[in-house]
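Have your viewer open and your selection tool ready. We will go from sheets to helix pairs to ligand shells, one selection at a time.

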Amino acid sequence: MSIDKTNDKQDMIALEKQREYMQKMRSHLSDLEQKTGRKQTYFLLTTGCQMNAHDSEKLAGMLETMGFAESPSEQKADFVLYNTCCIRENAEDKIYGRLGRLKYYKKQNPNMKIAICGCMTQQDVVIEKLQKSYKYVDIVFGTFNLYKLPELLYESLETKDTLFDIWKEEKEIVENLPTVYKNTFQASVNIMYGCDNFCSYCIVPYVRGRERSREPEDIIQEVEKLVHTGVKEIMLLGQNVNSYGKNLENTISFGQLLRQINEIEGLERIRFMTSHPKDLSDELILAMKECKKVCNYIHLPIQSGSNSVLKLMNRHYTKEHYLELVRKLKQAIEDITISTDIIVGFPGETEEDFQQTLDVVREVQYCTAFTFIYSKRSGTPAATMDNQVPQDVIKDRFDRLLQVLNPIVAEVHQKQVGKILHVLVEEVSKQDASILTGRAEDNTLVHFKGTKDCIGSIVPVKIIDNKTFYVIGERI
Ligand code: SAH
Ligand code: SF4
Ligand code: F3S
């Protein structure tokens, strides 16, 4: 779905309305502050992918504009908001568990407001469950109307009933929401929303709607603004960035977008995720090669190495096609590293199918792989497929996958020893205050001795040791 240009106005009106609600909330919170002698606080929990994490940056932006301060403790917060994920069942179970605990906290603090939003709440079964068993939740909203948080909060001040506001699709992309970034030198930027791929196991297309690309000018403007404030590295986000721009009125490819962003002065690094193998074009590989700022790293989910499983998954590529892409990427881009996602135990997966996945893992030599046990998601085609694989078989395959994968990850990192990598320093290690951690251009996680004034800088580091999932270096 493309967003009609006439919607631009709708988008501005929608934003203006929320600005007014933010203002109203601000005076309400300031009255409360005078009465209680303390600032009202929020606790925001985010589960899920980078898309959700970025949504939370906008939610936090709106909350702080309203005058809330962040609370370190959920128990003491005045407003608790869960931004949820439903990609696997255990993600949902955890939320129900935490909501249960919140009931107890709310008994101790009856003025606490509780809200839940994100992917989970876009499902009818979840809404029914919340209506029936979680009546103490004050606000429930979804992925398409997250910008309405100020209005919903304001409305909830006047009612004891739960407010439900769930849309089935997006009406407009609301630009320019206030945003709180995780740090001053890295930022995520949405380039598109939703997904049209309907992989047969996946819930995302049902909870995030159809694919919608943002206008390139809006993206460029956002990146320019961020660079102006000191951002060095941006992460372009979409469920399938390789199909960016296809549905815009003036079509543009993802490769072309990368080239435009590469021109932005002051920006140092460009990353993106996620790339779907079926849409990874030669034109994009060339853009990655020619754009100096685009990092030599790609996350390219394979899901399974078996052609029959890939077909049942509705992935639209074969193992051979995938391996050919990997060959082209490695040939075109010097020292490129590749990571992936793998699902174990998709319905009908045989030992032979699983062996094919292991073959791909051995051949590609991934720097990291996110491995998942298949989780049945109701409403998806795979949920009703025959031959669901027994849990003990899945568990055994999962363990064997890690036994093959981990030595490969170690081997890939061992190849870094002796090299000089340029590391964007992110933070001080949680285990050791004398150690800094950061990522090289190829996404290698590097630990090295240093002082915290380096945070936010890109520094040369000589790699001296390999610790399987990260490497140790020395500042040079
Ligand atoms: N759009 C991205 C992935 C988003 S979800 C892509 O297509 O690559 C992130 C990962 O979660 C997927 O790549 C897949 O490996 C995993 N996943 C999705 N649905 C799942 C399910 N039902 N069970 C287990 N893993 C799942
Ligand atoms: Fe899910 Fe497939 Fe879309 Fe990724 S591409 S979000 S796995 S449906
Ligand atoms: Fe992301 Fe989970 Fe939603 S992976 S898109 S937060 S279902």
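Here is the route, stop by stop, with a few notes to begin.

**Before you start**

This is a predicted model, in which local features need pLDDT of at least 70 and side-chain atom pairs count only at pLDDT 80 or more, while totals for chains, interfaces and linings use all residues. Residues are numbered from 1 along each chain as its sequence is written, chains are lettered from A and ligands numbered from 1 in the order in which they are written, and side-chain values use heavy atoms, with hydrogens and water left out.

Helices (H or I, at least four residues) and strands (E, at least two) are DSSP runs, numbered from the N terminus. Two strands count as paired if DSSP finds at least two bridges between them. Axes are lines fitted to C-alpha atoms, for helices over the stretch in contact, and angles run from 0 to 180 degrees between N-to-C directions.

**Stop 1: a sheet and two helices on it**

Select 186-190, 233-237 and 269-273. Strands E7, E10 and E11 form an open three-stranded sheet in the order E7-E10-E11, with parallel pairing. Strands E7 (186-190) and E11 (269-273) are the edges, each pairing on one side only. From one strand to the next, the twist averages 25°.

Now look at E10 (residues 233-237), which is joined to E11 by five bridges. Which residue of E11 stands opposite Glu233? The partner of Glu233 is Arg269.

Add helix H7 (residues 216-228), which packs on the sheet, touches E7 and E10, and makes about 170° with the direction of E7. Contact here means heavy atoms within 4.5 Å. Then add helix H2 (residues 50-66): this helix lies across E7, E10 and E11 and runs at about 100° to E7.

**Stop 2: the shells of ligands 2 and 3**

For both shells, a residue is near a molecule if one of its heavy atoms lies within 4 Å of it. For the classes, Ala, Val, Leu, Ile, Met, Phe, Trp, Tyr, Cys and Pro count as nonpolar, Asp, Glu, Lys and Arg as charged, and the others, Gly among them, as polar.

- Ligand 2: show Cys195, Asn197, Phe198, Cys199, Tyr201, Cys202, Val204, Pro205, Gln239, His276 and Arg315. This shell divides into seven nonpolar, three polar and one charged residue.
- Ligand 3: show Gly48, Cys49, Asn52, Cys85, Cys86, Ile87, Cys119, Arg208 and Gln239. Here the division is five nonpolar, three polar and one charged.

Gln239 is listed around ligand 2 and again around ligand 3.

**Stop 3: H8, H9 and H11**

Select helix H8 (residues 254-262) and helix H9 (residues 282-290), whose axes come within 8 Å and cross at roughly 15°. That angle makes H8 roughly parallel to H9, a term for angles under 35 degrees. The crossing of H8 and H9 is left-handed, meaning that the near helix is turned anticlockwise from the far one by less than a right angle; clockwise would be right-handed. On the H8 side, the contact is made by Phe254, Gly255, Gln256, Leu258 and Arg259, and on the H9 side by Glu283, Leu284, Leu286, Ala287, Met288 and Glu290. These residues divide into six nonpolar, two polar and three charged.

Keep H9 and add helix H11 (residues 319-332): the two pack at an angle of about 25°, with their axes 10 Å apart. H9 is therefore roughly parallel to H11, and their crossing is right-handed. To see the interface, show Asp282, Ile285, Met288 and Lys289 in H9, which meet Lys328, Leu329 and Ala332 in H11.

**Stop 4: a second sheet**

Move to strands E12, E13 and E14, an open sheet in the order E12-E13-E14 with parallel pairing. E12 (297-299) and E14 (368-373) each have a single partner strand, so one side of each is left without a neighbour in the sheet. Neighbouring strands are turned by 10° against each other on average, direction ignored. Three bridges join E12 to E13 (residues 337-344), and the bridge partner of His299 in E13 is Ser339.

**Stop 5: antiparallel strands**

Finish with strand E15 (residues 420-428). What joins E15 to E16? A hairpin of six residues does, and E15 pairs with E16 (residues 435-440) in the antiparallel sense over five bridges. Val423 has Ala440 as its bridge partner in E16. E15 is also joined by five bridges to strand E18 (residues 458-466), again antiparallel, with Leu421 partnered by Val461 in E18.

Key. Parallel < 35°, antiparallel > 145°, perpendicular 65-115°, else oblique.
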